[in-house]
Amino acid sequence: LEAAGKQLADPKADAETTLSATFEGGRVRRDDAVVPAKPSRWRALLGRSAPAVAPVAAPAAVPQAVAAQERPGRWQRFKDLVFLREFTQSERSYLLGQAIFITAISVYLATLPLMVHALTGDTAMLGTARAVHYWSFAAASLFAGRLNRVLPLKTALVGTSVARAVIFGAIGVLTIGAGLNFLGFLFLAGASAIVASLGHLNDTDAGGPAKVFSSNEKIARANYMYGFVKYALLLTIPTALGWGMQTFLIPAFGEMVTAGAGYVLFAALMALAAYIYGKNVTQVGAQIVGPALREALKGALASALGGWRHTASFLRGAAGIVVRPVSALRSLAAWAAPALDVFRFMRSRPAVKTRAGLTVVEQFAEDALFNVVLPSFAFTALGLGVFGSGLMTTAIYAGGMVASTMLVGFMRQAESRFGVYGMVKVLSFVAALAFIPTIGFWAA
């Protein structure tokens with residue numbers, strides 16, 4: 001066809017002859033052989049003969065850029081997946097920073113019980129450490145969301161990563177130098193929780209992807225990759241790191257130095273994540289900069305201060321209920337008015353009330369069980385120390401992975417038959433039975 005087009009473009013070319021040379025027997029010629037043109041029917045009817053035809057040139061080679069590409073093989077698809085070639089450099093850097101952050105969290109989960117045991121000699125004091133963490137996190141949440149709405153993404157990512165690196169690095173260095181007691185550790189843990197309340201809002205499982213990725217398809221893909229990396233790291237690092245600490249580091253250097261080294265490793269990983277964020281991550285969409293950013297930050301801090309004053313009013317009312325009961329009750333009623341409105345709404349919706357109650361009970365017990373009871377069980381009952389604690393963490397995430405991947409189809413079928421809350425009751429009962437052998441083993 002290309003050769004025919006070139007000949008037709010020539011003013012000296014004979015259109016009928018050119019087309020006869022290109023088409024043969026009603027079909028497009030597929031070979032490059034030179035075939036004399038056949039006279040057409042209308043020329044034969046008119047008694048004319050076809051003029052001599054020059055050999056038709058072979059079709060020009062199709063440029064490589066537009067040539068049909070073969071479907072990539074399995075190895076190529078694997079490389080595209082591993083190197084995330086569908087994402088931009090900013091998006092890849094964000095995912096890499098998040099993977100490093102999950103690695104640091106894995107180190108933290110393995111090291112925290114050892115740190116508390118080294119400072120106090122009792123892993124039950126993990127309850128105090130976690131209480132300080134959550135109370136600090138809750139207080140900082142009064143302004144973290146407002147700050148996150150106005151801060152540029154890169155500023156939030158780099159700032160929180162550097163702050164956590166500094167705090168954890170200080171804990172590690174002071175512990176190695178035997179210059180940190182449990183009270184100082186609690187203070188620094190509370191500071192870390194304040195920073196975490198802002199940093200968490202930009203994680204992949206929160207609002208970060210909407211500021212980095214350019215489409216919903218990429219966000220869904222990023223969440224899938226994040227979940228895969230999270231489970232892969234949490235299934236391996238706590239147990240492997242705990243085994244290394246228990247087998248090599250603790251016998252050689254002791255618990256204090258080993259726990260401090262774990263916190264220094266966390267700090268180094270967060271510093272690396274901050275470097276990656278600062279170098280390559282860019283925010284999609286509009287962001288507040290310059291004087292407008294300063295004014296927005298002032299407004300966010302003023303709003304947060306109002307929330308703190310509201311909470312302080314409640315605390316004053318609670319403290320003065322014995323001395324000035326009437327004014328204290330009025331103060332408490334004013335503070336509790338929004339909460340009462342929410343409670344009335346929940347009471348009018350049985351499904352909402354039931355789900356909210358279950359969620360509160362679950363969260364009330366979950367952290368205490370996973371971060372206090374199980375590490376204590378590993379240290380005291382099993383006698384496996386930090387290796388046993390890491391093994392417990394791995395077991396928890398392994399169970400979650402099985403439930404979220406292999407049992408989803410079965411659970412959906414069961415829910416359609418017995419209802420959501422019917423399945424919740426059955427699962428709660430089964431989960432309770434699972435702890436009976438553990439309790440008996442611990443008591444023995």
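Which residues are exposed on the other side of α10? I began with this helix in a predicted model, where local features need pLDDT of at least 70, side-chain atom pairs count only at pLDDT 80 or more, and totals for chains, interfaces and linings use all residues. Residues are numbered from 1 along each chain as its sequence is written, and side-chain values use heavy atoms, with hydrogens and water left out.

**Entry 1, helix α10.** I took helices as DSSP runs (H or I, at least four residues), numbered from the N terminus. I found Lys-218, Ile-219, Ala-222, Met-225, Tyr-226, Leu-233 and Leu-234 buried in α10. They lie on the same side of α10, because they cover an arc of only 145 degrees around the axis; the arc is that of the directions from the helix axis to the C-beta atoms. On the other side, Asn-216, Glu-217, Tyr-224 and Phe-228 are exposed. Buried means under 20% relative accessible area and exposed over 50%, with partly exposed in between (1.4 Å probe, protein chains only).

**Entry 2, Ala-178.** I looked up the loop between α7 and α8 (182-199), where Ala-178 is placed. Ala-178 is not a glycine, yet its phi is positive, about 60 degrees. Ala-178 counts as exposed because its relative accessibility is 62%.

**Entry 3, the core.** I noted that Ile-171, Phe-185, Phe-213 and Tyr-263 touch the most other members of the largest nonpolar core, which has 53 residues. Such a core is a set of buried Ala, Val, Leu, Ile, Met, Phe, Trp, Tyr and Cys residues joined through side-chain atoms within 4.5 Å. Helix α5 supplies the largest share of this core, 15 residues.
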